[in-house]
Amino acid sequence: MLGFIQSAASYLIAFPLVILLVVTVHELGHFWAAKACGVAIDRFSIGFGQPIAKWRDKAGVQWQLGWLPLGGYVRFSGDENVASVPDQDDLKAMRAEIERVEGKAAVARYFHFKPLWQRAIVVAAGPAANFILAITLFACLAGVFGEVVRRPIVSGLDAGSPAAAAGFRQGDIILSADGRKMKSFEELDRYVMLRSDVPIRFEVRRGDQELEIGATPVLKDISDGLGGSQKGGVLGFGLPAVVGQVTPGSAAAAAGFLRGDVIQRADATPIASFEDLIAYVKKRGAQPIRFDVYRGGRTIQLVATPALGDAPGVNGKTERRLMLGLSRTLPRQYVERIRYNPVQALGVGVTRTWDVLDTTVYYLGRMIRGQVSADQIGGPLGIAKTSGQVAQAGAAGGQNAPMMLLGAAVALLSLAAFLSVSVGFMNLLPVPVLDGGHLLFYAYEAVARRPLGARLQAAGYRVGLALLLGFMLFATWNDLQRLSVFKFFGGLFS
């Protein structure tokens, strides 16, 4: 029961905190740009709903905390609603009312009567703030903690994989993919994951030679490291079959396996990666297996018989399967810890933000062309689930409460950076109701030298709202599918 309460608390706290940070910074972008342009502002709300606290600053802006901490908004003077959608038919009446109550000079303070370029700056400042937040978070995390990366060296190859068929060998150093320099295996995995069924050209260093190798990733379920899975491109670069830990009382312990052992063959079948080992054990069943193991400069033979045990599956659920009781590790020569000075950390922040944006645009492009399924798009439920899982994963490495809180905070800030890039990009899409829709109307106004007609604007906002709601429903449907909600309710009546 206590475990359930702790798990529920991590979801209920982590999700609002991440959303609140990302959306509040977005709205602060609009707010600060509006202040710089002299726009009259009525209210800035952190959270939605009835305010639980409010106050006014010296400029007369009402600041408030809403009871629902899932975002926020800024409201300019004269707005009909918090979406800043003006009623174009009433602009003349609005001007007349402002002049009557406050005088002609006051008109220039209202957003809808500001010069076009200032309105465009105020609108674009929201997405820009999201990108700045992402750069800042990525840079701070890189500068404070550095990072541990896996060098782009082929340490293992899954039997029958695209990488093995293409001719990769253990020890190959991957220099680039499609001309893009690869600094780590994590970067390579992200690049490959989005390119299932797309040929990739690699530049590889093998000894003193530089080679060019072509390989095409296949679509498979990939563990997301948080107890779930997602579909993505895989080449089959496995981890080497190096023993990291031997479970006490397991079949491997009884056979005499030790930490650091390198498994070379199983029943004379070459084992090029830990994934090969898992596949072979599953294939053999509960039969004795003779292993060739490299230890201390010589090869020895060990015999072990797999036994049934509980292990996490690719979908995050515990499954019962035959296992030896071994866990993997990565030799030190494949791992590198990198520290960054402030300038380098800023560069990391910019690069990582651009990479996330580039990845998002590439995936959406392939989805629109029908080359990949749209089932990987997630909505609020998916973000909530990921937030809780990320917080739990971050806290898991802590030895005490303060370290657990620090780990959770660092993990959530990293998630907020990724989400902030997505929010900034989505808001720039040329869909009415979003910031990009406003900028589209302003572009028309700049070219035609007059605003778009009121009826067309109203129709555009209705279509934009319908598209946005449809997208949210679709994303939520994907979330429900991944959370197996429909299977759960179906099981209640079967």
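1. The crossing of α8 and α10 is right-handed, and in this predicted model the two helices pack with their axes 10 Å apart, at an angle of about 55 degrees. That angle makes α8 oblique to α10. On the α8 side the meeting residues are T353, V356, L357, T360, V361 and L364, and on the α10 side they are F418, V421 and F425. By residue type, the contact of α8 with α10 divides into seven nonpolar and two polar residues, with no charged residue.

2. As general context for that packing, the protein chain holds 13 helices and 18 strands, and 40% of its 494 residues count as buried. When contacts between residues at least 6 apart in sequence are considered, 61% of them join residues at least 24 apart.

3. Helix α8, which spans residues 342-368, also packs against helix α3, residues 116-145, at an angle of about 130 degrees and with the two axes 7 Å apart. That makes α3 oblique to α8, since an angle over 145 degrees would be needed for the pair to count as roughly antiparallel. The crossing in which α3 passes α8 is right-handed. From α3 the contact draws on F131, A134, I135, F138, A139, A142 and G143, while α8 supplies A345, L346, V348, G349, V350, R352, T353, V356 and L357. These residues of the contact of α3 with α8 divide into 12 nonpolar, three polar and one charged. A reader following α8 may note that T353, V356 and L357 take part in the contact with α3 and also meet residues of α10.

4. Helix α3 has a further partner in α11: their axes come within 9 Å and cross at roughly 160 degrees, and the two helices are therefore roughly antiparallel to each other. The crossing of α3 and α11 is left-handed, whereas that of α3 and α8 is right-handed. The residues that meet are L116, R119, A120, V123, A124 and P127 in α3, and D435, H438, L439, Y442, E445 and A446 in α11. The contact of α3 with α11 divides into eight nonpolar residues, one polar and three charged.

5. The length of α11 can be checked against expectation: its 14 residues, 435-448, should span 20 Å at 1.5 Å a residue, and the end C-alpha atoms are 20 Å apart, which agrees. Within α11, the buried residues are D435, G436, G437, H438, F441, Y442 and E445. Of these buried positions, D435, H438, Y442 and E445 also appear in the contact with α3.

6. L439 deserves a separate remark, as it lies in helix α11 and, at 24% relative accessibility, counts as partly exposed. Apart from its neighbours within four places in sequence, L439 is in contact with A120, V123, A124 and L428. The C-alpha atoms of L439 and L428 are 8.3 Å apart in space, the two residues being 11 residues apart in sequence.

7. The backbone on either side of α11 merits inspection. V433, placed in the loop between α10 (401-427) and α11, has a positive phi of about 95 degrees although it is not a glycine. With a relative accessible area of 25%, V433 is partly exposed. Just after α11, R449 takes a positive phi of about 60 degrees. For background, most residues other than glycine have a negative phi.

8. Elsewhere in the chain, A268 likewise is not a glycine and has a positive phi, here of about 70 degrees. A268 lies in the loop between β11 (262-266) and β12 (269-270), and at 64% relative accessibility A268 counts as exposed, the cut-off for that class being over 50%.

9. Which residues does K54 touch, when those up to four places away in sequence are not counted? They are Q62, W63 and Q64. K54 is found in strand β1, residues 41-56, and counts as exposed at 56% relative accessibility. Between K54 and G66, which are 12 residues apart along the chain, the C-alpha atoms are separated by 8.9 Å.

Technical notes: Residues numbered from 1 in each chain as written. Predicted model: local features only at pLDDT ≥ 70, side-chain atom pairs only at ≥ 80, totals over all residues. Heavy atoms only, no water. Axes fitted to C-alpha atoms, helices over the stretch in contact; angles between N-to-C directions. Helix = DSSP H or I, 4+ residues; strand = E, 2+ residues; numbered from the N terminus. Parallel < 35°, antiparallel > 145°, perpendicular 65-115°, else oblique. Left-handed = near helix turned anticlockwise from the far one by under 90°. Contact = heavy atoms within 4.5 Å. Nonpolar A, V, L, I, M, F, W, Y, C, P; charged D, E, K, R; others polar. Expected span 1.5 Å × (residues − 1). Buried < 20%, exposed > 50% of the residue type's maximum accessible area, 1.4 Å probe, protein only.
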